[in-house]
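Subject: Structure for your review

Dear colleague,

I am passing on the structure we spoke about, and I would be glad if you could keep it open while you read the notes below.

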Amino acid sequence: MRLQLYVLKTVATRILGAALILMSILQVLDLLDVTSDILDRGLGMAGVAFYAGMRLPRLFEQVAPIAVLAGGLFAFSGLARESAVVAMRASGISGYRIVGMAIPAAVAVMLLDALCGQYLAPRADPALADWWKNTTPVAERKVPAPRTFRAGGDLVIGASASASGREITSVTIFRRDAKGILMEKVEAPTARYANGKWTLDQPKTTRFTGDLAQTSTAASTSWPSGLRPRDVQSLFGDDAVPTAASAQRALQNGASDRPESFYATHLQAAFAGPFVSLVMLLLSAPVALANFRSGQGAVLLTGGLAAGLIFLVANGMLTALGESGSLSPILAVWAAPAIFGALAIRTFLALEG
């Protein structure tokens, strides 16, 4: 039990250290671009701290795989140099069990990565964007471009949305029949979400029947739609990454402004993403069985680092192909983890003999 805790503590400490260093570097680079603007707006160091804090979930999501790779390489190479692995194997502990002792650290990173990507970051991003917009000097504010998206069978144009996603301004809704022919156009100054449904304020409805167009107005009317406030935040956000829930709603005639392949790929990526950290741990594992006196350790250390970086590049390229529809979403998301994970296991088996 003590041995297992020692290995786990060593790996977890190295991963945590790598994550903190990488996040600090990215945070500094990010703050170099915005600190002067924050201070010019009179927000002081509290504004800088707020910005940095709201960026933490996305930064951790970015560095998690590399932190596991770097931490695993440092931890396993340290155990090998100290002859701790030799002592453990001499006492009857296999290399498989040694790696198994380190897996809980990778699982913890996987869970935290999923928490950041699916829960924390999607809530922090809109809040940060709204804070940044509201603190921008009036003279420097730019009118956002209208957003066009699909909500079920409706084609919708909205000028802007609130930070909570519960209000859309200058809404225009186009309704079409099964053949795609325009049947109705609804224009409203605002659309509000309350009690689980959307309401259009002062809508102006134009119905098209053949060559005739009939217009009517009302104080308010309900808008039956599967659109949710979280979807609105994503649609009106800058380069927002859809969560598993929003991607699934988009595929089920919810809100979308991208091709179906984009959401299908991100739905798969929401489940596969955390497993990237586990693949990184497997890529670093062969270093534990290396003989550093013969130079094998340096080769495996360099090879593990190179394999991890190539894996990230290949995974990103395949995901982009899946988003564009050039590749099956399942193949685009799961191919790289499966291939590189198998190569890592094959290498480890060869070294274990």
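What follows is a description of the strands, the nonpolar cores, one pocket and a few single residues.

Please bear in mind throughout that this is a predicted model.

Strands and hairpins

I begin with strand β5, which covers residues 182-194 and which pairs with two other strands described here. With strand β6 (residues 197-201), β5 pairs in the antiparallel sense over 5 bridges, and within β6 it is Thr-199 that stands opposite Arg-192. With strand β7 (residues 204-209), β5 is joined by 4 bridges, and these two strands also run antiparallel; here Val-186 has Thr-205 of β7 as its bridge partner.

From β7 the pairing continues to strand β8 (residues 212-217), through 6 bridges and again in the antiparallel sense, with Phe-208 bridged to Ala-213 in β8. The strands β7 and β8 form a hairpin with 2 residues between them, and in its turn Gly-210 has a positive phi of about 65 degrees. On the β6 side, 4 bridges lead to strand β9 (residues 220-223), which runs antiparallel to β6, and Trp-198 finds its bridge partner in Trp-223 of β9.

Two residues with positive phi

Most residues other than glycine have a negative phi, which is the background for the next two cases. Asn-195, although it is not a glycine, has a positive phi of about 55 degrees; the residue sits in the loop between β5 and β6, in a hairpin that has 2 residues between its strands. Because its relative accessibility is 80%, and the cut-off for exposed is over 50%, Asn-195 counts as exposed. Ser-170 is likewise not a glycine and has a positive phi of about 50 degrees, but its place is in strand β4, and with a relative accessible area of 45% Ser-170 is partly exposed.

The strand β4, residues 167-176, also holds Thr-172. Is Thr-172 buried or exposed? Its relative accessibility is 15%, and since buried means under 20%, Thr-172 counts as buried. Leaving aside neighbours within four places in sequence, Thr-172 is in contact with Leu-155, Val-156, Ile-157, Lys-185, Val-186 and Glu-187.

Nonpolar cores

The largest nonpolar core has 43 residues, of which Val-11, Phe-76, Leu-283 and Phe-311 touch the most other members. The elements that give two or more residues to this core are α1, α2, α3 (84-90), α4, α8 (275-284), α9 and α10, and α2 gives the most, with 10 residues. Val-11, taken without its neighbours within four places in sequence, is in contact with Ala-75, Phe-76, Ala-102, Ala-105 and Leu-281. Apart from the largest core lies another one, of 19 residues, and among them are Ile-168, Val-186, Tyr-193 and Leu-227.

The second largest pocket

For work on this model you may want the pocket details. About 870 Å³ of space lies in the second largest pocket. Which of its 30 lining residues are closest to its centre? They are Glu-61, Val-241, His-266, Ala-269 and Gly-273. At least two lining residues are supplied by each of α2 (44-81), α4 (95-135), α7 (260-272), α9 (296-323) and α10 (329-352), and by class the lining has 14 nonpolar, 9 polar and 7 charged residues.

Two charged residues

Asp-30 has its place in helix α1, residues 2-40. Because its relative accessibility of 15% falls under the 20% limit, Asp-30 counts as buried, and, not counting residues up to four places away in sequence, Asp-30 touches Tyr-51 and Arg-55.

Arg-249 lies in helix α6, residues 244-251, and is partly exposed, with a relative accessible area of 24%. Again not counting residues up to four places away in sequence, Arg-249 touches Arg-228, Arg-230, Asp-231 and Gly-254. The C-alpha atom of Arg-249 is separated by 36 Å from that of Val-28, a residue 221 residues apart from Arg-249 along the chain.

With kind regards

Conventions. Residues are numbered from 1 along each chain as its sequence is written. This is a predicted model: local features need pLDDT of at least 70, side-chain atom pairs count only at pLDDT 80 or more; totals for chains, interfaces and linings use all residues. Side-chain values use heavy atoms; hydrogens and water are left out. Two strands pair if DSSP finds at least two bridges between them. Buried means under 20% relative accessible area, exposed over 50%, partly exposed in between (1.4 Å probe, protein chains only). Contact means heavy atoms within 4.5 Å. On a 1 Å grid over the protein atoms alone, a cavity is a set of points where a 1.4 Å probe fits but cannot get out, and a pocket is an open set with protein on both sides within 12 Å along at least five of seven lines; lining residues have an atom within 4 Å of a point. Grid points are joined across faces, edges and corners, and a volume is the space filled by probe spheres set on the points. Ala, Val, Leu, Ile, Met, Phe, Trp, Tyr, Cys and Pro count as nonpolar, Asp, Glu, Lys and Arg as charged, and the others, Gly among them, as polar. A nonpolar core is a set of buried Ala, Val, Leu, Ile, Met, Phe, Trp, Tyr and Cys residues joined through side-chain atoms within 4.5 Å.
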